Amino acid sequence: MLASLTNDRSTEIKKSFLLQSFPNPTSDLATIKYVLADNSSKAFIRIFDESGREVESFKNLMAGEHELRLNTATYTASIYFYVLINQASIVDSKRMVKAK
């Protein structure tokens, strides 16, 4: 569940990428920062559990530096992967650990 989405600054960005989530491991709330070089209705972040099942998806991401505040209280203790996808291509991926 997306708690909030913020834009840190709006400067010219040439490359899209993810930053490591924090805290990691997390318990009930995690922050995922991302940078998106261009506005695209096809940019999104997907979160998968360790078996490859999609847990959540965040669509219609805007260009710039942003952060997702993710409520992980309902996630089971496990390893999760979050993936930034733009124009049907994987741009970046990171790992997040959900503690008990």
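**Close-up 1. Gln87 and Ala88, two positive-phi residues in the loop between β7 and β8.** With a relative accessibility of 46%, Gln87 counts as partly exposed in this predicted model. Its phi is positive, about 55°, even though Gln87 is not a glycine. Ala88 shows a positive phi too, near 70°, and is likewise a residue other than glycine. Here the side of the exposure scale is clear: Ala88 is exposed, at 75% relative accessible area. For orientation, the strands around this loop are β7, residues 78–86, and β8, residues 89–98.

**Close-up 2. The cis peptide bonds at Pro23 and Pro25.** Look at the step from Phe22 to Pro23: the peptide bond is cis, with omega near -10°. The bond from Asn24 to Pro25 is cis as well, and omega there is near 10°. Pro23 sits in the loop between β2 (17–18) and β3, and Pro25 lies in the loop between β2 and β3 too.

**Close-up 3. Lys33 and Glu67, a salt bridge between β3 and β6.** This is one of five salt bridges that a search of the whole structure turns up. The closest N and O atoms of Lys33 and Glu67 are 3.9 Å apart. The pair ties together distant parts of the chain, with Lys33 in β3 (residues 29–36) and Glu67 in β6 (residues 64–71), 34 residues apart. The two ends sit in rather unlike surroundings: Lys33 is partly exposed at 25% relative accessibility, whereas Glu67 is buried at 6%.

**Close-up 4. Salt bridges of Arg46 with Glu54 and of Arg53 with Asp49.** Arg46 and Glu54 bring their side chains together in a salt bridge, 3.2 Å from N to O. Both partners count as partly exposed, Arg46 at 29% relative accessibility and Glu54 at 36%. In the salt bridge between Arg53 and Asp49, the closest N and O atoms are also 3.2 Å apart. Arg53 is exposed, with 51% relative accessibility, while Asp49 is buried, with 11%. Elsewhere, salt bridges with shared partners join Lys33, Glu67 and Arg69 into one network.

**Close-up 5. Tyr75 and Tyr80, the one aromatic pair in the structure.** How are the two rings set relative to each other? The ring centres of Tyr75 and Tyr80 are 4.9 Å apart and the planes meet at 45°, so the pair is tilted. Both tyrosines are tucked away from the surface: Tyr75 is buried with a relative accessible area of 7%, and Tyr80 is buried with 3%.

**Close-up 6. Ile45 and the largest nonpolar core.** Nonpolar side chains tend to be buried together in soluble globular proteins. The core shown here has 17 residues, and Ile45, Ile47 and Leu61 touch the most other members. At least two residues of this core come from each of β3, β4 (44–49), β6 and β7. Which strand gives the most? That is β3, with four residues. Zooming in on Ile45 and leaving aside neighbours within four places in sequence, the contacts include Leu18, Tyr34, Phe58, Leu61 and Leu68. Tyr82, Val83 and Leu84 are also in contact with Ile45, as are Glu56 and Ser57.

Methods:
Residues are numbered from 1 along each chain as its sequence is written. This is a predicted model: local features need pLDDT of at least 70, side-chain atom pairs count only at pLDDT 80 or more; totals for chains, interfaces and linings use all residues. Side-chain values use heavy atoms; hydrogens and water are left out. A salt bridge is a side-chain nitrogen of Lys or Arg within 4 Å of a carboxyl oxygen of Asp or Glu. Buried means under 20% relative accessible area, exposed over 50%, partly exposed in between (1.4 Å probe, protein chains only). Rings of Phe, Tyr and Trp (its six-membered ring) pair if their centres lie within 6.5 Å; planes under 30 degrees apart count as stacked, over 60 as edge-to-face and the rest as tilted. A nonpolar core is a set of buried Ala, Val, Leu, Ile, Met, Phe, Trp, Tyr and Cys residues joined through side-chain atoms within 4.5 Å. Contact means heavy atoms within 4.5 Å.
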